[in-house]
Amino acid sequence: MTVFIIRRLMQSVVVLFVMSLLVFAGSAQLAALPLIAGGAPLWVVWATAACVNLRFVIFSAAIAPAFHGHSLARRVASSYLLTDGVFAVVSDKLLKSDDPQWRWGCYLAPSLYGWVVWQVCVLVGVLGAGV
């Protein structure tokens with residue numbers, strides 16, 4: 001249902017898929033959707049999405065020691081790929097390991113898997129909404 005509403009609002013598969021690539025946060029997308037549909041001001045949509053995602057500040061602070069010494073590019077990538085599930089599954093393992101390469105791989109594998117599955121499902125939903 002959500003994809004159908006978004007599709008009617010934006011009418012462009014490309015715009016919808018780019019939004020999904022830029023905003024890899026399902027809860028923020030779901031919180032923003034009714035506001036967009038209702039014609040809320042852009043600042044309200046942004047503020048709502050930011051509030052919904054405040055938990056990631058806490059998640060990031062909790063796993064930050066695992067990324068100490070990594071490049072800025074890796075830290076930015078890890079922040080983009082952080083999800084509730086990845087945090088729950090790997091946070092303890094990341095903090096217990098002394099090998100920075102293992103920590104990066106342990107974090108990256110489920111993060112990329114989740115990202116790919118999310119993007120594929122969004123694309124299927126966006127394309128299927130036109131049927």
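**Aromatic pairs and their burial**

User: Which residues do ring pairs link into a cluster?
Analyst: This is a predicted model, in which local features need pLDDT of at least 70 and side-chain atom pairs 80 or more, while totals for chains, interfaces and linings use all residues. Residues are numbered from 1 along each chain as its sequence is written, and side-chain values use heavy atoms, without hydrogens or water. Ring pairs (Phe, Tyr or six-membered Trp rings with centres within 6.5 Å) join into a cluster the residues F56, F59 and F87.

User: How many aromatic pairs does a search of the whole structure find?
Analyst: The search covers the whole structure rather than the cluster of F56, F59 and F87. Its count of aromatic pairs is 5.

User: How many residues apart in sequence are the parts that F24 and Y80 tie together?
Analyst: F24 and Y80 form a tilted pair (planes neither under 30 degrees apart, stacked, nor over 60, edge-to-face), with 5.8 Å centre to centre and 40 degrees between the planes. Because F24 lies in the loop between α2 and α3 and Y80 in helix α6 (a DSSP run of H or I, at least four residues), the pair ties together parts whose separation in sequence is 56 residues.

User: Is F24 buried or exposed?
Analyst: Buried means under 20% relative accessible area, exposed over 50% and partly exposed in between, with a 1.4 Å probe and protein chains only. Its partner Y80, at 30%, counts as partly exposed. F24 has a relative accessible area of 12%, so F24 is buried.

User: What type of aromatic pair do F56 and F59 form?
Analyst: Being 3 residues apart in helix α5, F56 and F59 are separated by about one helical turn. F56 is buried at 16%, and F59 likewise counts as buried at 16%. With 5.6 Å centre to centre and 85 degrees between the planes, the pair is edge-to-face.

Conventions: Helices (H or I, at least four residues) and strands (E, at least two) are DSSP runs, numbered from the N terminus.
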